[in-house]
Amino acid sequence: MKTQKKIKRIGILTGGGDCPGLNAVIRAVTKSAIANHGWEVFGIEDGYAGLIEKRGHELTQAQVSGILTLGGTILGTSNRADPFRVPVEKSKKIVFEDHSDQTIEHFHQWGLDVLVAVGGDGTLSIGKRLYHKGIPVVGIPKTIDNDLRGTDYTFGFHTAVSIATEAVDRLHTTAAAHHRVMILEVMGRNAGWIALHAGSAGGADIILIPELPYSMDAISRAVKKRAQHGKKFSLIVVAEGAKEKGGKIIERKRDPKNPYPVKLGGVGKYLEEQIEKLTGLETRSANLGHIQRGGSPVPADRNLGTLFGTHAVELIARQRWGHMVCVQGNIIKSIPIAEAVHQLKIVTPDNPLVVASKAVGISFGV
Ligand code: F6P
């Protein structure tokens, strides 16, 4: 029988792109760990960067009081830092080195018993590797993209959808006033969840997602058909990762130090030019960008953050190392981190919202 470890002090970090609800998680973990178990809580700064560079500070109940409604993360984050792949300049060249042993030393020097890793695929994959090197790790899934397997939702997603839906609503009135085609480009990387949910909620006419490559012909037919039926404007919501059939994803830039070096963006602008050319209708595009990630979380994300944070503390009490909290069919539970990472949860053609959207006449440009 495995002997149970005595927990005294837990470390928490938030990694990857920030997302509304991170502070709700930090608050929930800190408050319930201190109040219900008497553990100390230590905040690691800027994701894995803080663990690599040994930067962090104690978290008290007072420090997490009043942060539930705040966007961002009071701990800071980094979407580049990886202890297994630290960029180092050698002979004027950047080479990547494995600093995981030194990083683990910092964990022990701080007297930590557990690492709570709050993040998406990248952060949790690193957490999994640290766990395999002997660190007790518990994961909490976050991403506005909602593309992590094993959980129906990640916190941050509902806020991003709400912001994107408001943008669709606002574009609606200006599109109608000017009889224009209006395009809204939203985030989501290689998954179409934000575009699908905001497009459906905002009553878009066309939704374009990476999972269903589009044809310009189908889009122009859908726009012209609306015009023929007296609808002089059309609204299109496009996911940044959407691509044309047989075409390529449109890149904004490359960031070689980032574990996800390809930065997406620009498909909205591309569509604007093509649609105007093919239909003769005045077309404008707007890119919502990081606005989707900023500001206060909606109630659903605050509550999901609180549920995930408190459940993670229960996982620690039960010593379920290498596990990640998740929500499946309204039940908060946990799965091995290994089951959630390395493969994305994408939109399938039989998704109920895709089917319902089609049933009410929304085109997917296919
Ligand atoms: O994964 C979250 C996300 O916001 C994606 O939707 C988007 O493609 C990416 O991060 C943007 O990354 P960055 O903040 O590095 O520009």
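A polar contact, as the term is used in this tour, is a pair of N or O atoms within 3.5 Å. Please keep in mind that the structure on your screen is a predicted model.

Begin by selecting the ligand together with Asp145, where a polar side-chain atom of Asp145 lies 2.6 Å from an oxygen atom of the ligand. Add His290 to the selection, and you will find one of its polar side-chain atoms 2.9 Å from a ligand oxygen atom. Then turn to Arg189, which has an N or O atom in its side chain 3.2 Å from an oxygen atom of the ligand. Taken alone, the ligand exposes 400 Å², and 87% of that is buried by the protein.

Next, widen the selection to the residues around the ligand, which are Asn79, Ile144, Asp145, Met187, Gly188, Arg189, Glu240, Arg252, Lys263, His290 and Arg293. If you colour this shell by residue class, it divides into two nonpolar, three polar and six charged residues. Should you display a surface, the space that the ligand takes is the largest pocket.

Finally, step back and colour the protein by its two parts, domain 1 (9–155 + 297–329) and domain 2 (158–293 + 348–359). The contact between them takes 21 residues from domain 1 and 20 residues from domain 2, while their centres, taken over C-alpha atoms, are separated by 32 Å. Return to the ligand with these colours on: domain 1 and domain 2 both give residues to the shell around the ligand, so the ligand lies between them.

Conventions:
Residues numbered from 1 in each chain as written. Predicted model: local features only at pLDDT ≥ 70, side-chain atom pairs only at ≥ 80, totals over all residues. Heavy atoms only, no water. Near = heavy atom within 4 Å. Polar contact = N/O pair within 3.5 Å; in protein donor to acceptor, adjacent residues only side chain to side chain. Areas by Shrake-Rupley, 256 points an atom, 1.4 Å probe, with all protein chains shown as cover. 1 Å grid on protein atoms, 1.4 Å probe; cavity = no way out; pocket = protein on both sides within 12 Å on 5 of 7 lines; lining within 4 Å. Sits in = over half its atoms within 2 Å of the grid points. Nonpolar A, V, L, I, M, F, W, Y, C, P; charged D, E, K, R; others polar. Domains from an automatic or database assignment. Contact = heavy atoms within 4.5 Å.
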